[in-house]
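This report describes one protein structure, shown below. Please keep the sequence and the coordinates at hand while reading.

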Amino acid sequence: METDPLEARAALKDAAAAEQRSALLAKSTWLYEAWFGVNVAGCSALFALNGAQTVLLSPLSLVLLTSIFGLRFIYHRATGSWVPFLGGSWRVFIVMCVVVIASCATSYLLASTCGLGWWLAIVAVATAVTTALLIRRSGAVLTERKPTP
Amino acid sequence: MTAPSFDEVIHNPVRLRVCAMLSVVNFGAFPVLRDELGVSDSVLSKHLAALEAVGYVKLEKATSAGRLRTSVALTRKGRNAYAGHVAALKQIVAGESANRLG
């Protein structure tokens with residue numbers, strides 16, 4: 001080891017500051033979070049349309065795919081980075097998976113038994129709000145993380 | 001827990017901050033790194049080349065809207081080396097504290 005403790009302490013402080021700054025830069029904005037929520041709600045709606053076997057399935061799939069690519073592009077342009085998918089927290093990720101699967105399954109089952117209706121809007125809004133809040137929490141975990149020293 | 005391993009390549013202040021910034025993201029854009037570190041294009045390129053030479057970072061160049069955009073990412077080897085270096089620095093600091101108490 002060719003460094004003295006004072007230098008090591010200063011280096012650790014610099015590294016911690018750089019990690020925090022990077023996490024802050026990569027943190028998503030409210031627009032990204034809302035857009036993310038809408039995309040997940042769109043996935044849920046796709047399952048409903050599939051369950052109801054409507055012709056709207058293909059056009060909505062295209063719109064959703066474009067929206068997801070747009071979301072990724074804007075995020076990268078805005079932050080100059082891309083956070084690892086599990087950069088935030090495993091717990092948030094697991095809850096997110098449960099919410100998405102439950103929402104898609106509910107939509108599919110309701111659509112195949114009752115057909116399309118107002119319930120779809122309620123499920124979509126609930127899914128969008130929940131997932132937007134979860135992705136916000138994931139970003140908060142990233143910036144709250146106590147990194148180096 | 002990563003084993004402490006002091007790394008001369010990473011220990012340079014600019015390279016340490018590059019690794020620290022990249023450690024929390026999948027990749028970072030070259031201009032963002034340059035602006036955050038407050039160095040010129042050529043200085044950052046030189047440090048990235050040093051990190052790339054030992055396989056710690058991976059540079060990806062892509063043309064988007066007619067402009068060349070460079071993204072930088074830490075490799076697995078780079079992440080391990082950074083974690084080991086940070087552990088080594090902590091060990092040095094902890095050793096000093098123990099000496100002071102002892």
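The text below covers the make-up of chain A, a surface patch, and the salt bridges.

**Chain A**

The structure is a predicted model, and the values given here are computed from it. Chain A contains 5 helices and 1 strand. Read from the N terminus, the order of these elements is α-α-α-β-α-α. Chain A has 149 residues, of which 42% count as buried. Among the contacts in chain A with a separation of 6 or more, 80% are between residues 24 or more positions apart. The area exposed by chain A is about 8600 Å², and carbon and sulfur atoms supply 72% of that area.

**A nonpolar patch**

Which residues make the nonpolar surface patch of about 300 Å²? The patch is made by A:F47, A:Y108 and A:L109. Of these, A:L109 can be placed in helix 4 of chain A, which covers residues 90–114. A:L109 has a relative accessibility of 54% and therefore counts as exposed, because the class begins at over 50%.

**Salt bridges**

How many salt bridges does the structure hold over all chains? The total is 5. The table gives three that lie in chain B, including the N to O distance for each pair.

| Salt bridge | N to O distance |
|---|---|
| B:R34 and B:D35 | 3.1 Å |
| B:R34 and B:D41 | 3.0 Å |
| B:K58 and B:E60 | 3.9 Å |

B:R34 takes part in a salt bridge with B:D35 and in another with B:D41. B:R34, B:D35 and B:D41 are thus linked in a network of salt bridges.

Is B:D35 buried or exposed? Its relative accessible area is 53%, so B:D35 is exposed. B:R34 has a relative accessibility of 23% and so counts as partly exposed. The value for B:R34 is 23%, and buried would mean under 20%. B:D41, at 38% relative accessibility, also counts as partly exposed. The network therefore joins an exposed residue, B:D35, to the partly exposed B:R34 and the partly exposed B:D41.

The side chains of B:K58 and B:E60 form a further salt bridge, with an N to O distance of 3.9 Å. This pair meets the criterion because the cut-off for a salt bridge is within 4 Å. B:K58 has a relative accessibility of 44% and so counts as partly exposed. B:E60 is likewise partly exposed, with a relative accessible area of 48%.

Methods
Residues numbered from 1 in each chain as written. Chains lettered and ligands numbered in written order. Predicted model: local features only at pLDDT ≥ 70, side-chain atom pairs only at ≥ 80, totals over all residues. Heavy atoms only, no water. Patch = residues over 30% accessible without salt bridge, like charges linked within 9 Å, V, L, I, M, F, W, Y side chains within 5 Å. Areas by Shrake-Rupley, 256 points an atom, 1.4 Å probe, with all protein chains shown as cover. Helix = DSSP H or I, 4+ residues; strand = E, 2+ residues; numbered from the N terminus. Buried < 20%, exposed > 50% of the residue type's maximum accessible area, 1.4 Å probe, protein only. Contact = heavy atoms within 4.5 Å.
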